Every structure is written in C-alpha cells, then in structure tokens.
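Trainee: I am new to this structure and would like to look closely at a single part of it. Could you take me through one region slowly, in connected steps?

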Amino acid sequence: MSHDLAELELELRLLPGVLNVGFGPEEQGGHVALSVVARDAEPDLELVATRIARAFRQSATVEILDLSPPRPSVGVVTPMPATVSDERVALVESRVNEATGEASVVLSWMGNSANGHGASGTLVGPAVATLQALAGLGIAIDARLASVSSGQGIDNPPVRVVLRSELGEAEFVGVARANSEAESAARATLAAFNRYVGGLGARLN
C-alpha cells in the first residue's frame, strides 16, 4: 500500500463508528475504490469519508458496509412499466463447486424461483449467476456487469459489484459481506440491482 493510502486509511479509521477500511485495486489514472466497514456510524459517514478520500486522491469512490442492526428491508420491482411489488428478490443459495469452479445461485421472488450459473471464479461467477437468475425470474436488466472486487487486509472482506447501464453509462454499485465470498458477491449484485431499479425512478416500498 502506498504511503498516501496508508495515511488515508488512518484518517478514515478515526471517524466515529468505522471498524475497518479496505481498498480495491488501483485503476488506471489513479482512481481508487474504498470499502468502509462501520457500525452505528454518523448518518453522513459516506459524505465525510468521500471528502477525506478525495483530499488524498482526486478520483476516489467510497462504499459503506453498515454492520448496524438490520432495518426493515425495502422491496424491489422489475424495471417494467406500472409493475410494483412489495416483495424483494431473495437470495436462496450462492455457492461455488470447488471441483469445477462453477458458481450456482438460486433466487426467489413472488412465489417463483430461478437458477443461474457462472464459471468465472468465486467472485465474478456468483455475480454472473445472479444476473442470470434475475433474468430467469423475468426481470429484464438493461445493464451489464462492469466489475467485481473485494477489500484487502480484512478477513472475509466485503465484495463490491458495479453494474453499468447500456444507456448513458450510469453505474450502480452494491457492497455486501456475508458468510462466504460467493454469498457476498451474490448479495452485492442484488444491492447493485436495487440501485439500478431506484435509478429508473421505480417506487420502492
């Protein structure tokens, strides 16, 4: 880790509620993505952390992984006109076959279930499989998988998934940490999907 990133990590760790800080791979042009793990933090943590990060790196994005007690979850809807649902898409299973390297994801929604498969490793594979399972549920997504990454220097690090819309090149980011990398990747993909739906202006309950 470079000296400036080490100083940045120290600064972020001093913020109230911050438990850990992870860095994604440094991208071309110096852009760096950070995952900040927090619990019972201030409501403006993302804003403050982003301001601090950009004082060290002009190009930086910050995602907050909140370990506070869960709040009531919001529902998600298909990005289809006049279609609204109070039931969120649920992750039933996400696993990777160690022998073949194939990822398998099962989702359920509104009484239906669908399977998805991906053969691109323990992180990308479950993300690909999650998108495939969403399609199997009849949920059309006009976005593609742009990147999948995990934090560094953290046991069972959070996973960050970026979906990029084919229209306008808008990006939708999801971050999650679960019991395994495969589950974290699937949940992060669903989190990015939620932001995609929100970006369409759909009503979430």
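Mentor: Please keep in mind that this is a predicted model. Let us begin with what covers the buried residues of helix H1, since that cover includes strand S1 (18-23), strand S2 (32-38) and helix H2 (45-56). The helix itself spans residues 3-13, and within H1 the buried residues are Leu5, Leu8, Glu9 and Leu12. These four lie on the same side of H1, because they cover an arc of only 100° around the axis. The face of H1 turned away from that buried side carries His3 and Leu10, which are exposed.

With that helix in view, you can turn to another part of the chain, where three strands form an open sheet in the order S4-S5-S6, with antiparallel pairing. Its edge strands are S4 (90-96) and S6 (112-118), each of which pairs on one side only, and from one strand to the next the twist averages 15°. In general, the strands of a sheet pair through backbone hydrogen bonds, either parallel or antiparallel. Here strand S5, residues 103-109, pairs with S6 in the antiparallel sense over seven bridges, and if you follow Trp109 across to S6, you will find that its bridge partner there is Asn112. Helix H3, residues 121-136, packs on this sheet and touches S4, S5 and S6, while the direction of H3 makes about 145° with that of S6.

Key
Residues are numbered from 1 along each chain as its sequence is written. This is a predicted model: local features need pLDDT of at least 70, side-chain atom pairs count only at pLDDT 80 or more; totals for chains, interfaces and linings use all residues. Side-chain values use heavy atoms; hydrogens and water are left out. Buried means under 20% relative accessible area, exposed over 50%, partly exposed in between (1.4 Å probe, protein chains only). Helices (H or I, at least four residues) and strands (E, at least two) are DSSP runs, numbered from the N terminus. The arc is that of the directions from the helix axis to the C-beta atoms. Contact means heavy atoms within 4.5 Å. Two strands pair if DSSP finds at least two bridges between them. Axes are lines fitted to C-alpha atoms, for helices over the stretch in contact, and angles run from 0 to 180 degrees between N-to-C directions.
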